[in-house]
Amino acid sequence: MPENYDVIIIGGGVVGCMTARFLSRYQLKILLIEKEEDIGSGTSAANTALIHPGYDPLTGSLKAALNVAAVPMWQQLASELNFAYENCGDYVVAIGEEELPKLDALYQRGIRNGVPGMRLLSADEMRVREPLINPLVSGALFAETGAMCDPFGVTLAAAENAVMNGVTILRGTAFEGFIRDGARIIGIRTNRGDFSCRWAVNAAGLYSDMVMHQAGVRPEFRITPRKGEYLIIDRAEFQLKSVYFPVPTAVSKGILATATVHGNTVLGPTALDQEDKTDKTNTPEGLAEVLAGGKKLVPAVDVRHVIAIFAGLRAAGNAPCETPGVSYNQDFIVEIPRSVQGLVNLGGIESPGLSSSPAIAKRVVDLLKDAGETLKEKKDWDPIHPARPQFRHLTHDQRRQVIAKDDRYGRVVCRCENVTEGEIIAEIHSPVPACSYDGIKRRTWLGTGRCQGGFDLPRVTHILARELGISELEVSKKGAVSRFLLRPTKEIEAANE
Amino acid sequence: MNSREYDVVVVGSGPGGLAAAIAAKKNGAEQVLVIERDLELGGILLQCIHNGFGVEVFKEDLPGPSYAQRFIKEARDLKVEALLDSMVLEASSDRRLFVTSRQGGIQELQAKALIFAMGCRERTRAQVRLPGTRPAGVFTAGTAQRWVNVEGFMPGKRFVILGSGDIGMIMARRLTFEGAKVERVLEIMPYLSGLTRNYVQCLQDYGIPLQLQHTVKRIIGNQRVEAIESVAVDDRWQPIPGSEEIIPCDTLLLSVGLIPENELSRQAGVRLDPVTGGPFVDNRFQTNVPGVFAAGNVVHVYDLVDWVTEAGYEAGKSAALFAQGKLAKPSKLVRVSAGENVRYVVPHTIDPAALAEGSIALQMRVRQPIEAPVWVEAVAGSQQLTRRSLPYARPGEMVTLNLKPEAAEELQKSDKLVLNIRKR
């Protein structure tokens, strides 16, 4: 007899986890499944980490509506869920006179989309606001609602708050198909057995096309993964004050240079359409393009100060915009399709997907209400996800207090980012626990600095083994067969025999 | 909270730090403290179980831990204090430190003289921007060395090593002892980046191929490394199309250079040389910040530990004198600069008055290899102060030129000392 849920969310990216958190407010039995060993390890872990103000999406598109609706929700979310978030505003920077006219077009689109707090700046003002900007700047568009965040932190905090409020999360659980009773979805099949439900939410990101096709919905819909490569520049070299976009191209917002909540500078992304939903390789051509794009905005960018490279895939779809008269075919899908009952269908959630995620989650709640669900609020729903101590952000006196309670917060394991053993252990025993090195890395930022884990890796491996009660040989980078250590040395093998 | 005061505080207990602490004690500093982030004194020497240490200092060929033990014992006998399992969080230009540890929490320390001896860290995959996937199985050689020699685990069974640095070559041999297959060592440059003796003893003796002017084009494998694609490069490091080769392996080790670890030094206002990555130092190993000294690989990457020990002694002695108010102010500072075919020289400045009291070792790295007899010369103005002949000069091997007291008078007349390495 499969376990019975009111709602099953397929996919543990930022959209799935945010939806779980919003739905956890109501008296519903909810399951979220994620095929990877950790939540937020796809697109949500590898993106530009920005909350966009909403001047970029085409007026009339669902993207524009949800992006603009979501922006005012972030401040409150950040204070409830305690993730890293900084409302620094953002800039679109025109370099050279020929790019200048494009700023006004963006500004006008922002006005039409209902974006508040935008202003066109002179080149002089831009140079004063960001001394590192290319001196050939000809003008800039400033939007005060732009913000940066830690996107994995957002996803994790939403997931943990959902779990605190009764949601079950099963990781390493892959969707295989729907169980139907006529036109009604009554459950799902997974690699870990069947689960029945009244509602399934397709939040499968890059795989959202495959999930909806399993339900017979939108057979023409297709995700074309769009790869973006990135470089990270050491904060010790320089730190940008804010977020700097180039004037956008036809396919993307272009290669930007942005500050991050870590203080490092991120450059990227490229935009390359591909078939493969898993190919996140970095390429010499991609990295060269990122470097050139970054240098165009910030000439101080120097290849010698790169501390990390990565790539992510955007879940770009081909859904036509439903607003009459708006010709656009890469819109978000947020719907309850008519052809099947019991499915909330989300698809094509590419950029600005992270920015829009709270509004998408709210829209899912509204769609369920419209479909006749009487959503009753839980009396004991707790919107607060408490922050855990982060050593690097504490004053010395606060550090002393934390260490007095648990001395493991006194031992620094990651030198570059000052992450302590206490923080690592807390993440291994949290509501959505870390069970791999990358899980620890994403939660604590350990190993993200200059040495990229060279010092901490053996130490974290040891801590993971000890806390999880497994052998160090079983500790992995990102689950499954991504293990670090393949056997003991001869001396240890001999001693064990 | 009151801060504890010391005459000399040394950050790091590798060979540079231990020698500095010992020399500080022997030169009159009473309260000497060494701070070490690991559980034991000795630094990276503890994972260097191969031999080759001490040939210059002890005229003996010792493994790393044995070499370290001699200094650990001497430091203990001299009553050098040690804070183990402790990380320095902050260092200021007035030599105040904040340290954290499980046992002591956050402690504030004040040093009359401070010695940075943090050594260096390894260059990573990102710093050489290796393309491809990001699976488990890409490690720096030093991380693998710790796993094998200290923790007792093998991080792979079939290896490719990128970079012909010393740690990589030494690990090639160590992994072979452990039954692993080391497919080959790839080096992007047309010459070895480590010591020739390591090439002979670690690669040649075990039949491990070294391919010069080759690099990794991409890493293959999503969960664990499955193979790497290698490629030959031309003289401008550009890949040569058609030379690609897929090499199946489960691990890629990186031995692509070391970077002096100077985050604390920067905090303390110490100016760094962009070429070495370490502080500008004078012949006392004092940085631009008075009372702040630097010893060992934190200054520049040495080829032999014995020279690190010697530098540690000099820095420790100078720091002890500074703490006692006895370190003479330089009469003048002569700038030492890298001339023909020299990449850098340490120290960066010399006080001719100090030279009059004793020889000063100038240590440098050659820019381009010369496989023929060379002159190493020091020139002040148009005057050649000293020179020595060497059978060859290679980037992987440091060159030392001793400046003798006799040269002090000539140097006194000059502002600049230029070092050249040229064919005889």
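In the predicted model, B:Arg218 stands opposite B:Glu229, a residue of β14(B). The strand β14 of chain B, residues 227–232, is joined to β13(B) by six bridges, and the two strands run antiparallel. Both belong to an open sheet of three strands, in which the order is β13-β14-β15 of chain B and the pairing is antiparallel. The edges of this sheet are formed by β13 (214–220) and β15 (245–248) of chain B, each of which pairs on one side only, and the twist from one strand to the next averages 30 degrees. In a regular strand the side chains alternate between the two faces of the sheet.

Antiparallel pairing is also found in an earlier part of chain B, where β4(B) and β5(B) are linked by five bridges. Within this pair, B:Ala91 has B:Leu97 of β5(B) as its bridge partner. The hairpin of β4(B) and β5(B) has four residues between the strands, and in it B:Arg95 adopts a positive phi near 65 degrees. The strand β5(B) pairs in turn with β6(B), again in the antiparallel sense, over six bridges; here the bridge partner of B:Thr100 is B:Ile106, which lies in β6(B). The connection from β5(B) to β6(B) is a hairpin of three residues.

These three strands reappear in the contact between the chains, to which chain B gives 42 residues and chain A gives 44 residues. On the side of chain B that touches chain A, the elements that give two or more residues are β4 (86–91), β5 (96–101), β6 (105–116), β7 (120–122), α3 (141–151) and β9 (153–154) of chain B. Of these, α3(B) provides the largest share, with six residues. The composition of this side of chain B, taken by class, is 13 nonpolar, 15 polar and 14 charged residues. Strand pairing also crosses from one chain to the other, in that strand β23 of chain A (residues 487–488) is joined to β9(B) by two bridges, with the strands running antiparallel. In this pairing A:Arg487 has B:Met154, in β9(B), as its bridge partner.

As regards chain A as a whole, its secondary structure comprises 14 helices and 23 strands. The radius of gyration of chain A is 23 Å, which agrees with the value near 23 Å that a compact globule of 497 residues would have. Along the principal axes, the C-alpha trace of chain A spans about 75 × 60 × 45 Å. Of the 497 residues in chain A, 56% are buried. Among contacts in chain A between residues at least 6 apart in sequence, those that join residues at least 24 apart account for 71%.

One helix of chain A may be described in further detail. Helix α9 of chain A, which covers residues 353–370, bends by about 35 degrees at A:Ala359. The residue at the bend, A:Ala359, is itself buried, as are other residues of α9(A), including A:Gly353, A:Leu354, A:Ser355, A:Ser356, A:Ser357, A:Pro358, A:Ile360 and A:Ala361. Further along α9(A), the buried residues include A:Arg363, A:Val364 and A:Leu368. An α-helix has 3.6 residues a turn, so residues three or four places apart point the same way. After α9(A) comes A:Gly372, for which phi is positive, near 100 degrees.

Definitions and conventions: Residues are numbered from 1 along each chain as its sequence is written. Chains are lettered from A and ligands numbered from 1 in the order in which they are written. This is a predicted model: local features need pLDDT of at least 70, side-chain atom pairs count only at pLDDT 80 or more; totals for chains, interfaces and linings use all residues. Two strands pair if DSSP finds at least two bridges between them. Axes are lines fitted to C-alpha atoms, for helices over the stretch in contact, and angles run from 0 to 180 degrees between N-to-C directions. Two residues are in contact if their C-beta atoms, placed from the backbone, lie within 7 Å. Ala, Val, Leu, Ile, Met, Phe, Trp, Tyr, Cys and Pro count as nonpolar, Asp, Glu, Lys and Arg as charged, and the others, Gly among them, as polar. The bend at a residue is the angle between axes fitted to the seven residues ending there and the seven starting there. A residue is buried if 20 or more other C-beta atoms lie within 10 Å of its own, exposed if 12 or fewer, and partly exposed in between; C-beta atoms are placed from the backbone. The radius of gyration is taken over C-alpha atoms; the globule rule is 2.2 Å times the number of residues to the power 0.38.
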